[in-house]
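Q: I would like to learn to read a ligand site from a model. Can we take it step by step?

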Amino acid sequence: MRVFVTGASGFIGSAIVQELLGAGHQVLGLARSEASAQALATAGAQVHRGSLDDLASLRSGAAASDGVMHLAFIHDFSAYEKAGATDRAAIEALGQELAGSDRPLLVTSGLAGFALGRPATESDSPAAMVRPSEPAALALAAQGARASVVRLAASVHDRGDYGFVPTLINIARQTGESAYVGEGLNCWPAVHRLDAARLYRLALEHGAAGARYHGVADEGIALRDIAAIIGQRLNLPVVSKTPEEAADHFGWMARFVGLDMPATSTLTQQQLNWHPSHPSLLADLEHGDYFKG
Ligand SMILES: NC(=O)c1ccc[n+]([C@@H]2O[C@H](COP(=O)([O-])OP(=O)(O)OC[C@H]3O[C@@H](n4cnc5c(N)ncnc54)[C@H](OP(=O)(O)O)[C@@H]3O)[C@@H](O)[C@H]2O)c1
């Protein structure tokens, strides 16, 4: 298959490029800069210049492919609604191009917003719409497109991670405390980047229209346990913050750090024969590169 990948130059996308090439697919990667274009070419992908704001570039990338994986996202948490609107418009443009064909479109979503008091399953729908990619993809599926969704764990971890967990490490370094909110029993799911990359490939190859897949290996790790390892590795005290103190301590991360968002991937594992095999988040924190440099 020739697969158009948006976000191909990113942390997860670059692992997906390797996974697809290793399985014999061709990759056409979206690049908005010369640096990203060069990184993609070096990785063995074909380059498609364009950006999320240039819908014609997304349509022409999709038109030149047998399937699309959409991972690009503008991670500007100060303008999150705008980023969501750009994401929705991009998915709709990609979907228009694939409409009336059997070519798959896989979009990326997350696992915040369920608040079920138990781990979320693939059959659950979020109570609060945190990111519009999922409804956009499901609307396309309802119109007959082979669109499906990967709901990624809050922590996709591996060497090169610069997401939530490295942010917690930086905050601990800067403040001299490794903190959690309240009792710290709220949980985050996690998945290793290489397991996530394999899941994307399997979902592209075998996924069903309208399906929601969970990119989850660790169902839920208590924030207190993450804070404990960070404190131990940095030799810092591990402390609890009240929700009121959290805003000051965590800055923009405060809105995420107290979230409870455990999730299972039992159905995903069965449906796609996907079996995560790489280290857990806590093992990666204990033995990986998170505290080097
Ligand atoms: N990492 C995680 O822990 C995690 C967890 C849950 C969900 N996710 C989701 O998974 C997806 C991939 O995440 P990631 O960690 O790989 O992100 P990342 O490393 O920040 O990469 C983002 C990708 O999007 C591209 N991009 C950003 N703005 C763009 C624009 N305006 N036009 C075109 N391309 C643009 C970037 O291109 P450049 O190379 O040119 O910057 C890059 O390829 C995202 O949707 C993210 O929200 C990630």
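Q: Where does the ligand sit?

A: Start with the pocket, then go to the atoms. This is a predicted model. In it, the ligand sits in the largest pocket.

Q: How much of the accessible area of the ligand does the protein cover, and which polar contacts are there?

A: Take the contacts before the area. A polar contact here is a pair of N or O atoms within 3.5 Å. A polar side-chain atom of Arg32 lies 2.8 Å from a ligand oxygen. Leu71 uses its backbone: an N or O atom there is 2.8 Å from an oxygen atom of the ligand. For Tyr162, a polar side-chain atom lies 2.4 Å from a ligand oxygen. Now the area: on its own the ligand has 900 Å² accessible, and the protein covers 86% of that.

Q: Which residues come nearest to the ligand?

A: Look at the shell, then its closest members. There are 23 residues around the ligand. Ser9, Arg32, His75, Arg131 and Tyr162 come nearest.

Q: What is the make-up of the shell by class?

A: Sort the residues by side chain. The shell has 13 nonpolar, 8 polar and 2 charged residues.

Q: Which elements each supply at least two residues of the shell?

A: Map the shell onto secondary structure. Helix α1 (11–22) and strand β7 (155–157) each supply at least two of its residues. The whole protein has 12 helices and 12 strands.

Q: What does the radius of gyration say about the protein?

A: Compare it with the value for a compact globule. For 293 residues that value is near 19 Å. The protein has 19 Å, so the two agree. Along the principal axes, its C-alpha atoms fill a box of roughly 55 × 40 × 35 Å.

Conventions: Residues numbered from 1 in each chain as written. Predicted model: local features only at pLDDT ≥ 70, side-chain atom pairs only at ≥ 80, totals over all residues. Heavy atoms only, no water. Near = heavy atom within 4 Å. Polar contact = N/O pair within 3.5 Å; in protein donor to acceptor, adjacent residues only side chain to side chain. Areas by Shrake-Rupley, 256 points an atom, 1.4 Å probe, with all protein chains shown as cover. 1 Å grid on protein atoms, 1.4 Å probe; cavity = no way out; pocket = protein on both sides within 12 Å on 5 of 7 lines; lining within 4 Å. Sits in = over half its atoms within 2 Å of the grid points. Helix = DSSP H or I, 4+ residues; strand = E, 2+ residues; numbered from the N terminus. Nonpolar A, V, L, I, M, F, W, Y, C, P; charged D, E, K, R; others polar. Rg over C-alpha atoms; globule rule 2.2 N^0.38 Å.
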